[in-house]
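Take a moment to look over the sequence and the model before reading on. We'll go from strands to helices, and then on to how the chains meet.

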Protein chains: 2
Amino acid sequence: VEKNEPMICVLAGGVGAARFLRGLVREVDPASVTAVVNTGDDTILHGLRISPDLDTVTYTLADAIDPVRQWGLRDESWNMLEALRRYEGRRPQGSSAASTWFGLGDRDLATHLYRTARLAEGALLSDITTEIAQAWGVGISIVPMTNDRVETMVDVLDDGDVRRITFQEYFVRHRHAVPIRGVDFVGATEAVPACLEVLASAETIVIAPSNPIVSIGPIRALDGVDRVLRDRRDHVVAVSPIIAGGTVKGPADRMMAELGLEASVTGVARLYAEICGTLIIDERDAHLRDDVERAGLRCIVTDTMMDDVGVAARLARTAIDATS
Amino acid sequence: VEKNEPMICVLAGGVGAARFLRGLVREVDPASVTAVVNTGDDTILHGLRISPDLDTVTYTLADAIDPVRQWGLRDESWNMLEALRRYEGRRPQGSSAASTWFGLGDRDLATHLYRTARLAEGALLSDITTEIAQAWGVGISIVPMTNDRVETMVDVLDDGDVRRITFQEYFVRHRHAVPIRGVDFVGATEAVPACLEVLASAETIVIAPSNPIVSIGPIRALDGVDRVLRDRRDHVVAVSPIIAGGTVKGPADRMMAELGLEASVTGVARLYAEICGTLIIDERDAHLRDDVERAGLRCIVTDTMMDDVGVAARLARTAIDATS
């Protein structure tokens, strides 16, 4: 690891971004890395402020993430959630208290309680996020995309009618198994982005292999973000979250198709063309290189399937080299 | 158990009241009993609304209370609290987030999360309390003294200075090992009592063997409560929480002494004389019967040490018989 390395900024969602970051910190000084993390997925449940993507990134870098579920903590217990069922069965009609569809492990709860208590004390989410990351010994800077509330809402098709639900309801409660008609990032226009300075000064800006619609989309929806990215387009490199027309995890492929976009590296290229100079695609998509270039991006073909941290590290190195 | 029994109202704090109620429901139809419970001890920790006395009464009647600690649930796990220590050591100066001095068991947390979520939905604490009691299969009516916030503050002597802290800080954090100079029930004057109707209509009103200062005191501080009790003085019977100059549990004896009151059944009699016709004292205090009567109360001497539920049941029967 060299000293005084150029700053690297990673636009991040959850699992895919976390795996990329775990590889990146093998290649560069963690102090040179800032992850700007989506908070559009954040929700309030049982009065607790829950930031799924921030926690996934933090827990992964702390090597504390559950390796099977890929969310929450390893060696977790679920006694609170089990006890909550007693009340879920008794709550009045129309109440959503004691809902057990969102997994809250006992140890993971401590993070939500700390975040909630600090917010109640008036602390900024960005400061709280730093405190949590430091408590877990994480060396990179983890920054929420904004300190303001932005709420990703999903319009889903439900028995012929379009119904608006929160992202977590879509993602967890309905296991993203309902067709969508649109997404909206409520509050994004008014929210003050917490990432413009790092975007303006980073040598490399990586768009992690995260869901382009609901992970990268909320960050881009913040006032000024796309403008800075356009200005710095040659420094921006994206890793396609779509491999061979599908996703490793999550509903990005289906969401893109349902929104009328092509669920392929070409579709990703078109989404990012304005703000991103280079797209890294997987070897399985090598035959689509021309399509990506026709969309206006440089195209790098490599192994992007981050089954182990070694692949992730090589992928991170490829991304850095692409912009220097 | 007879049907259509006369209504019994019990003014209740935590452990002592809960044990009395467990005996009472052996003697009468639980449907005839309403416990009006102190909520001056309620606190907000980590954003969660915690109602210690309500939970102690509910858990005890559900036979779910931890029999050794006498608070919280039996067979409890503490994984959240243990995980919270990671953050407690890292929080900024002046922050009280991630405080671990208040015991929050993993299963017990479900109750606080349910209460907090229902309050956020706009539900009344009284309705939530009923829902929780029913979820635990409790047959009596458990009623918080008010649906409004009343906060018991304790003025403690700290290194020569008087400092005002919350009741839970005094009771749990400092293990009530600091001398007090006063107590104040903040919000009591403005709060709307939720118990006036049941006090006006009950055949028997029992002041449970709870702390007269900080358990019964907040209920009495509500507008109109003492007035109703005075009007119905012959229907009111108290069980002394002081036995042989001390308490079975908690700091009632020390608090009384520190506030210049006599820590004895006589002191209790003087505190209750205006609102209560009969005081039940323990056999160990039989020699103080004259003093109690001189304070203006009828005095009944019996075994009040509720080591088992049989004693509690006999004590409850004595209390009922005293007013009929």
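Which residue in strand 10 of chain A stands opposite A:Val206? Find it in the model, which is a predicted one: the partner is A:Val237. The strands involved are strand 9 (residues 204-207) and strand 10 (residues 236-239) of chain A, and they pair in the parallel sense over three bridges.

**The sheet in chain A**

Now zoom out a bit. Strands 9 and 10 belong to an open sheet of seven strands in chain A, with the order 5-2-1-9-10-13-14 and parallel pairing. At the edges you'll find strand 5 (141-144) and strand 14 (298-302) of chain A, each of which pairs on one side only. Going across this sheet, neighbouring strands are turned by 20 degrees against each other on average, ignoring direction.

**Helices over the strands**

Some helices lie across these strands, and here are three examples from the two chains.

| Helix | Strands it lies across | Angle |
|---|---|---|
| Helix 1, chain A | 1, 2, 9 and 10 of chain A | about 160 degrees to strand 1 of chain A |
| Helix 13, chain A | 1, 9, 10, 13 and 14 of chain A | about 160 degrees to strand 14 of chain A |
| Helix 11, chain B | 9, 10 and 13 of chain B | about 165 degrees to strand 13 of chain B |

Helix 1 (residues 15-27) and helix 13 (residues 309-322) of chain A also meet: their axes come within 7 Å and cross at roughly 75 degrees. That is why helix 1 of chain A and helix 13 of chain A count as roughly perpendicular to each other. Among the residues making the contact are A:Phe20 and A:Leu24 from helix 1 of chain A, and A:Leu315 and A:Ile320 from helix 13 of chain A. The residues of this contact divide into nine nonpolar, one polar and five charged.

**Over to chain B**

Chain B has an open sheet of seven strands too, in the order 5-2-1-9-10-13-14 with parallel pairing. Strand 5 (141-144) and strand 14 (298-302) of chain B each have a single partner strand, so one side of each is left without a neighbour in the sheet. For strand 5 of chain B, strand 2 (residues 33-37) of chain B is a parallel partner over four bridges, and B:Val37 stands opposite B:Pro144.

**Where the chains meet**

How many residues of chain A are in contact with chain B? There are 33, and they touch 33 residues of chain B. Together the chains bury about 3000 Å², 66% of it on carbon and sulfur atoms. In chain A, A:Tyr87, A:Leu113 and A:Tyr114 lose the most area to chain B, together 22% of what that side buries. As for salt bridges across this interface, zero are found.

Key. Residues numbered from 1 in each chain as written. Chains lettered and ligands numbered in written order. Predicted model: local features only at pLDDT ≥ 70, side-chain atom pairs only at ≥ 80, totals over all residues. Heavy atoms only, no water. Axes fitted to C-alpha atoms, helices over the stretch in contact; angles between N-to-C directions. Parallel < 35°, antiparallel > 145°, perpendicular 65-115°, else oblique. Contact = heavy atoms within 4.5 Å. Nonpolar A, V, L, I, M, F, W, Y, C, P; charged D, E, K, R; others polar. Pairing = 2+ DSSP bridges. Buried area = accessible area lost by both parts, 1.4 Å probe. Salt bridge = Lys/Arg side-chain N within 4 Å of Asp/Glu carboxyl O.
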